[in-house]
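Here are a few notes to read with the model open. They cover one patch of strand pairing and a couple of backbone oddities.

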Amino acid sequence: MPTPLYQVDAFATAPFAGNPAAVCLLQTNQSSDWMQQVAAEMNVSETAFLRPRDEAGTYRLRWFTPTDEVALCGHATLASAHVLWATDHEAAGPLHFETASGRLTARRDDGWIWMDFPADPVAPTDPPPPLLDALDGAAPAEVGWSGRDYLVRLPDAGAVRALQPALSPLHTLDEARGVIATAPAEADGVDFVSRFFAPRVGVPEDPVTGSAHCALGPYWAARMGRTELTGRQVSARGGTVRVHLDTPDAERVALGGRAVTVVDGRLDA
């Protein structure tokens, strides 16, 4: 039986921007090996696999890069919610996803999709030598650890845009999924900029990384004294992520974005 399969540009308002994700609506149970093969075939930073649960509006959700299953992914969750609503699989009410990172919720509000994610507070740390090697001379103003990724604060937005890290040393950071580079923004309407590198899990540079904002949100909220923030990931494709926290040290963070379907097809494998 063919399996519905979509490609969605997440954190984007038009095609060919933001971060592409594949969304596979499973109609039968499939093995992890099969999902990994599909993700490798799709060859985008994340492929999401959805399987409906007994509870209305609730799905089992898993995420795979071309090489690895990951525990949390923002843009593929955004893409999944977008597909379920856009294809009328679900009504306009909230969606619930059972994931390796717990239960996540998505809701719609005035054209935006808001996702309830766990916060990843950042603690200062000494940078390991491979991280400094990867920065290739870029001087960090601060380095932190979120429990998932290293966060590197650079002096300004220009330094984030100009960064060309050496990817080979990042493969040796076994404890880290990836590295977030960030700085205050210089543009009106944007509070901070970022880029994200995760070659160890098959993603040399991710165009827009929702889950990185689980760390960026608390980090910049504490420094800017505000709990409503807008981030811009300044990759080649680029994308905007809104962030809301109830307090700077809240345990949950709301991430807001938009999405556009670019491929509507089926998987015959």
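1. Start at the hairpin: strand 15 and strand 16 form one with five residues between them, and G238 in the turn shows a positive phi of about 75 degrees. Strands here are DSSP runs (E, at least two residues) and helices are too (H or I, at least four), numbered from the N terminus.

2. Before going on, a caveat: this is a predicted model, where local features need pLDDT of at least 70, side-chain atom pairs count only at pLDDT 80 or more, and totals for chains, interfaces and linings use all residues. Residues are numbered from 1 along each chain as its sequence is written, and side-chain values use heavy atoms, with hydrogens and water left out.

3. How do strand 15 and strand 16 (residues 239-244) pair? They run antiparallel, over six bridges; pairing takes at least two bridges between the strands in DSSP. Across from E228 you'll find H244 in strand 16.

4. Strand 15 (residues 228-233) also has a parallel neighbour, strand 13 (residues 192-198), joined to it by three bridges. There, S194 has Q233 of strand 15 as its bridge partner.

5. Now the phi oddities. Most residues other than glycine have a negative phi. F11 is not a glycine, yet its phi is positive, about 55 degrees. F11 sits in the loop between strand 1 (3-10) and strand 2 (19-25), and is buried (under 20% relative accessible area, 1.4 Å probe, protein chains only) at 3%.

6. N43, also not a glycine, has a positive phi of about 55 degrees. Look for N43 in the loop between helix 1 (32-42) and strand 3 (46-52). Is N43 buried or exposed? Exposed (over 50%; partly exposed is in between), at 56% relative accessibility.
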